[in-house]
Amino acid sequence: MEVIEKALNDITVMQSNISGVYEGPASFIYGKASHFSVSSDEERIKKHFPNAELVGIEGATHLVHTDCPREFLAALLNCLQCE
């Protein structure tokens, strides 16, 4: 618990030692109006998830599923059907 608490108190701890690669399919569904810049992190994402697909939803913030539930569900189902 101490490690988790430390990471939650300082986000740089969680981001400092990222390692590993997942070669399987991965979808990053994100809101284009989010304060997190997912599209600008594509290079970092692809480093660890080389087969990742980034799916941006117009008009959605970080809470994509709440802001645009239909669009989120469509994107999710599309990703699951591609398996």
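A search of the whole structure, which is a predicted model, turns up 1 salt bridge. The partners are Lys32 and Glu58, whose closest N and O atoms sit 3.2 Å apart. Lys32 belongs to the loop between β1 (26-31) and α3 (42-48), while Glu58 belongs to the loop between β2 (52-57) and α4 (64-67), so the pair ties together parts that are 26 residues apart in sequence. As for exposure, Lys32 comes out as partly exposed, with a relative accessible area of 47%, whereas Glu58 is exposed, at 56%. In general terms, side chains of opposite charge can pair when their charged atoms come close.

The loop between β1 and α3 also holds Ser34. Ser34 is buried, since its relative accessibility of 13% falls under the 20% cut-off. What does the Ser34 side chain reach? The backbone nitrogen of Phe36, at 3.0 Å. Setting aside neighbours within four places in sequence, Ser34 is in contact with Ala60, Thr61 and His62.

Next comes the nonpolar surface. Leu73, Leu77 and Leu80 make up a nonpolar patch there, and together they offer about 270 Å² of accessible area. One of these residues, Leu73, is found in helix α5, which covers residues 69-81. At 45% relative accessibility, Leu73 is partly exposed, and this value clears the cut-off of over 30% that a patch residue has to meet.

Methods: Residues numbered from 1 in each chain as written. Predicted model: local features only at pLDDT ≥ 70, side-chain atom pairs only at ≥ 80, totals over all residues. Heavy atoms only, no water. Salt bridge = Lys/Arg side-chain N within 4 Å of Asp/Glu carboxyl O. Helix = DSSP H or I, 4+ residues; strand = E, 2+ residues; numbered from the N terminus. Buried < 20%, exposed > 50% of the residue type's maximum accessible area, 1.4 Å probe, protein only. Polar contact = N/O pair within 3.5 Å; in protein donor to acceptor, adjacent residues only side chain to side chain. Contact = heavy atoms within 4.5 Å. Patch = residues over 30% accessible without salt bridge, like charges linked within 9 Å, V, L, I, M, F, W, Y side chains within 5 Å. Areas by Shrake-Rupley, 256 points an atom, 1.4 Å probe, with all protein chains shown as cover.
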